[in-house]
Amino acid sequence: FLSHFHGDHYDGLNENFQGPGLIHCTRVTAALVKQELGVKSHLIQSYDMDDTAEVCGAKVTFLDANHCPGAAMLLFQLDSGAIHLHCGDMRYDPRMQQYPALIQARHKIDKLYLDTTYCHPKHVFPSQQDSVDQIANAVAQIVKTSFRKVFGEAPAESAAKSATPGTPATPATPATP
């Protein structure tokens, strides 16, 4: 099982991989394994998020780990009745409490496998939304600066200058090729 496409998880996988077993992962991770590592398609079994599959007698459900595209937590229901949850690299989000498979497994998980790389209190990160907002603001500033270098002023400034007094400015529309 490959929870996601990061080097510390796929270390050792390459175009020479021959099995004997299949790599079980999400569709996004499978595409990356094929494209970037050259692993042959017939050696990979891919699944959509929330899919449950039977592998070697265990039911395995792939749950969005909110970590990177294609990252999954793996919920195993063994033929013995035991339930194991492999969180891999995940970023908690309150929506996870609503995952149907986790609701059914609540208070029944026998083993929980965690990646605890960043559990030490010295690691403090901004929320995912704050990170997205910071990146969006940085990209907007880069676009605005680049536009000025090429065209002399930002689209909003150009529209404001050309607006008729007393009428709202209309955003400039880039010319189509």
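These legends describe close-up views of a predicted model.

**View 1. The whole chain has five helices and seven strands.** From the N terminus on, the elements run α-β-α-β-β-β-β-β-α-β-α-α. The protein chain holds 177 residues, and buried residues make up 30% of them. About 12000 Å² of the chain is exposed. Carbon and sulfur atoms supply 56% of that area. Among contacts with a separation of 6 or more, 40% join residues 24 or more positions apart.

**View 2. Five strands build an open sheet.** The strand order is 3-4-5-6-7, and the pairing is mixed. Strand 3 (52-55) and strand 7 stand at the edges. Each has a single partner strand, so one side of each is left without a neighbour in the sheet. On average, neighbouring strands of this sheet are turned by 20° against each other, direction ignored.

**View 3. Strand 4 and strand 5 run antiparallel.** Six bridges join this pair. Strand 4 covers residues 58-64 and strand 5 covers residues 72-77. One bridge to follow starts at Lys59, whose partner in strand 5 is Gln77. The loop between the two strands carries Ala65 and His67. Both residues have views of their own below.

**View 4. Strand 6 and strand 7 run parallel.** Strand 6 spans residues 83-88, strand 7 spans residues 111-114, and four bridges join them. Leu85 has Leu112 as its bridge partner in strand 7. Between the two strands the chain passes through helix 3 (residues 100-105). This β-α-β crossover is right-handed.

**View 5. Ala65 is buried in the model.** This residue sits in the loop between strand 4 and strand 5. The relative accessible area of Ala65 is 0%, and the cut-off for buried is under 20%, so Ala65 counts as buried. Leaving aside neighbours within four places in sequence, Ala65 is in contact with Ala71, Ala72, Met73, Asp89, Met90, Arg91 and Met96. One of these, Asp89, is 24 residues away along the chain. The C-alpha atoms of Ala65 and Asp89 are separated by 7.1 Å.

**View 6. His67 is partly exposed.** This histidine lies in the loop between strand 4 and strand 5. The relative accessible area of His67 is 34%. That value falls between the 20% and 50% cut-offs, so the residue counts as partly exposed. Beyond its neighbours within four places in sequence, His67 is in contact with His4, His6, Asp89 and Met90. The side chain of His67 makes a polar contact of 3.2 Å with the side chain of His6. His67 and His4 are 63 residues apart along the chain, with their C-alpha atoms separated by 8.7 Å.

**View 7. His4 is buried in the segment before helix 1.** Helix 1 covers residues 7-10. His4 has 0% relative accessibility, under the 20% cut-off, and therefore counts as buried. The side chains of His4 and His6 are joined by a polar contact of 3.2 Å. His6 also makes a side-chain polar contact with His67. Not counting residues up to four places away in sequence, His4 touches His9, Thr29, His67, Cys68, Ala71 and Asp89. Asp89 and Ala71 also appear among the contacts of Ala65, and Asp89 among those of His67.

Notes. Residues numbered from 1 in each chain as written. Predicted model: local features only at pLDDT ≥ 70, side-chain atom pairs only at ≥ 80, totals over all residues. Heavy atoms only, no water. Buried < 20%, exposed > 50% of the residue type's maximum accessible area, 1.4 Å probe, protein only. Contact = heavy atoms within 4.5 Å. Polar contact = N/O pair within 3.5 Å; in protein donor to acceptor, adjacent residues only side chain to side chain. Pairing = 2+ DSSP bridges. Right-handed = clockwise from strand over helix to strand, strands pointing away. Areas by Shrake-Rupley, 256 points an atom, 1.4 Å probe, with all protein chains shown as cover. Axes fitted to C-alpha atoms, helices over the stretch in contact; angles between N-to-C directions.
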